[in-house]
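Student: Hi! I have a new structure open and could use some help finding my way around. Can we chat through how its pieces fit together?
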Amino acid sequence: MSRNEDVRFVSSAIKIPRSSLAHPVPLLSTLPFARHNLSFHLDRAREAIQGFLASLPRQWRPRFLCSSSLAVVRQEAETNHRRHGKEDEERVLISEVLIRNKDGEALERVDLEAAVAAALKSCRPNSALTVREVQEDVHRIIESGYFCSCIPVAVDTRDGIRLVFQVEPNQEFQGLVCEGANVLPVKFLEDAFRDAYGKIINIQHLDQVIKSINGWYYERGLSGLVSYAEILSGGILRLQASEAEVNNSAIQFLDRRTGEPTTGKTRPETIFQQLATKKGQVYNRLQAKRDVETILTMGIMEDVTIIPQPTGDPCKVDLVLNLVERRNGGFSAGGGISSGITSGPLAGLIGSFAYVHRNVFGRNQKLNLSLERGQIDSIFRINYIDPWIEGDDKRTSRTIMIQNSSTSGALVHGNAQSDHGGLTIARVTAGIEYSRPFRPKWSGTLGLMFQHAGARDDKGNSVVRDIYNSPLTASGNACDDMLIAKLESVYTDSGDHSSSTFVFNMEQGLPVLPEWLCFNRLSARARQGYKIGPARLLLSVSGGHVIGNFPPHEAFAIGGTNSVRGYEEGAVGSGRSYAICSGEISFHMFGPLEGVLFADYGNDLGSGPTVRGDPAGARGKPGNGCGFGAGICVDSPLGPLRLEYAFNDKLASRFHFGVGYRN
């Protein structure tokens with residue numbers, strides 16, 4: 001039989017003493033298995049010492065040890081020693097010290113005899129001993145862990161007293177039975193006991209193994225430990241593991257001011273859906289902590305605590321979730337800057353007004369209504385988000401969106417139109433998207449959107465051509481209609497900005513009606529960060545390509561704060577294809593301030609003339625360019641604020657201001 005076959009797991013009901021009911025989650029408890037067994041063996045040693053006293057010749061028996069209150073354990077012996085003093089302890093001359101088995105015969109194993117000899121500190125031939133010193137050596141023999149009993153026997157010979165230690169070794173380890181361990185890996189036990197197979201069971205070593213098993217539970221946050229162990233006949237070791245399983249979970253809402261129980265607005269099933277801790281699992285305090293963080297990220301709770309509670313079954317635990325709800329909704333107002341607007345001191349300023357309801361129907365569904373308005377840009381948006389569709393076990397979210405926007409057309413068609421004033425692109429968009437994680441660190445999105453888009457002058461009139469007589473729509477009509485199927489996949493190594501990121505996006509125009517546009521738009525971007533001493537190196541690359549008939553204003557624009565710095569927005573070029581690479585070295589300066597050195601390069605890959613009307617060629621855009629410079633980044637409540645000064649390859653310079661990290 002191989003060793004691995006000697007490790008057997010049995011799932012069964014676990015009986016724990018009633019005293020343990022007050023501690024159903026024994027996370028910090030230790031199980032002094034060896035101490036329990038040693039206490040048992042030391043009790044037997046007490047009887048052995050009494051037998052040793054009886055075996056002494058009457059004239060050699062110490063008078064003060066003849067009382068019925070004989071102390072054997074070390075602490076009591078020391079108390080007795082202090083009470084009587086060394087001058088009252090009578091010594092017995094020992095002429096010979098022998099080590100024998102329980103039958104009085106020589107030990108067969110030399111290593112066991114050596115273990116006994118190593119434990120003897122006081123008992124030596126031709127030495128005068130007190131009973132306390134004999135008893136301490138008996139303790140040391142037992143505490144070596146190899147023996148289940150040790151009986152000192154005094155034999156009166158013509159040469160004096162012969163002291164014989166009759167020891168009984170533990171059994172040889174032949175197999176293991178572990179009951180109640182439902183989550184403990186078999187391999188862990190196999191590795192722990194592999195070297196002990198066929199050897200004498202050492203109680204001290206066994207105690208260390210049990211502590212390592214308890215440590216395995218503790219390190220993983222699991223509520224479990226070895227509650228009982230015994231050596232069965234035939235050298236079979238039996239371990240009993242106690243694991244606290246989750247029984248029932250209950251939710252209790254607390255008032256945010258008084259802390260008293262109150263009625264909550266969130267449905268319990270919405271909360272339970274977020275929990276990874278389920279009934280029947282072994283309670284894991286680390287998983288419970290992650291559950292708390294998950295509930296807080298819902299955005300509808302102000303405070304969350306999970307409290308384990310005892311049950312009538314010591315192997316089960318109930319969970320009580322104390323929740324303090326946030327206000328469900330409210331109005332907000334603010335402002336910002338559009339990085340796409342570069343002309344005029346106030347042209348880029350944007351004001352915003354929004355209403356948010358965070359917990360529609362008590363299901364953690366979000367309703368956002370927002371209006372952003374600037375001198376040129378304006379966006380009205382309605383979003384209805386269900387972060388986790390009920391009944392779905394894949395954490396699929398759904399977003400329904402309606403948007404009416406008007407943005408500057410300067411990215412592709414320049415900043416000024418002599419015939420029509422400032423050119424804007426008006427879009428009405430409606431769609432639905434489904435997103436879910438499908439692998440660790442990977443998530444995906446599928447969506448379907450309808451878009452109605454066209455160009456407007458500063459008076460709101462439709463225009464179909466710019467001042468260079470280049471078309472502004474793909475269909476030739478005042479507006480283009482598109483039904484777009486969207487696919488997006490995102491890889492994120494961690495939440496840190498310098499971590500690895502990869503994003504792939506594909507949009508397919510579906511010509512359901514003859515006048516609807518048909519095209520395929522692919523784009524991807526990747527980012528990788530490296531630590532170089534106290535500094536960080538961030539490398540990023542992005543690119544894309546469009547096939548089919550698409551509006552000129554949807555061409556890839558190159559240049560600007562989030563593209564090639566040192567150029568105005570879209571000043572490098574616009575094309576069907578593009579590639580941009582960037583490198584940044586950032587370093588901490590002081591407080592929340594970081595310094596940044598950067599270099600960017602962008603190229604339209606010669607695709608500028610293939611865009612309908614060639615808007616880039618008509619405006620003399622080079623199609624490629626690079627920029628370099630330095631800047632500072634401040635971590636603020638609004639997010640990272642970036643101020644950068646850059647030169648382009650024509651040695652022109654400009655400032656760039658941005659909110660948030662570059663894509």
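Tutor: Sure! α5 passes α6 in a right-handed crossing, where right-handed has the near helix turned clockwise from the far one by less than a right angle, and left-handed anticlockwise. Helices (H or I, at least four residues) and strands (E, at least two) are DSSP runs, numbered from the N terminus.

Student: Which residues in α5 meet α6?

Tutor: Phe-188, Leu-189, Ala-192 and Phe-193 do. Their partners in α6 include Leu-206, Val-209 and Trp-216. Contact means heavy atoms within 4.5 Å.

Student: Is this model predicted, and how are things numbered?

Tutor: It is a predicted model: local features need pLDDT of at least 70, side-chain atom pairs count only at pLDDT 80 or more, and totals for chains, interfaces and linings use all residues. Residues are numbered from 1 along each chain as its sequence is written, and side-chain values use heavy atoms, with hydrogens and water left out.

Student: New topic: what is the strand order in the open sheet?

Tutor: The order of its 4 strands is β3-β2-β5-β4, with mixed pairing. Two strands pair if DSSP finds at least two bridges between them.

Student: Why is one side of β3 and of β4 left without a neighbour in the sheet?

Tutor: β3 (127–129) and β4 (147–157) stand at the edges, so each has a single partner strand.

Student: How many bridges join β2 and β3?

Tutor: Strand β2 (residues 92–101) pairs with β3 over 3 bridges, in the antiparallel sense. Leu-93 has Ala-128 in β3 as its bridge partner.
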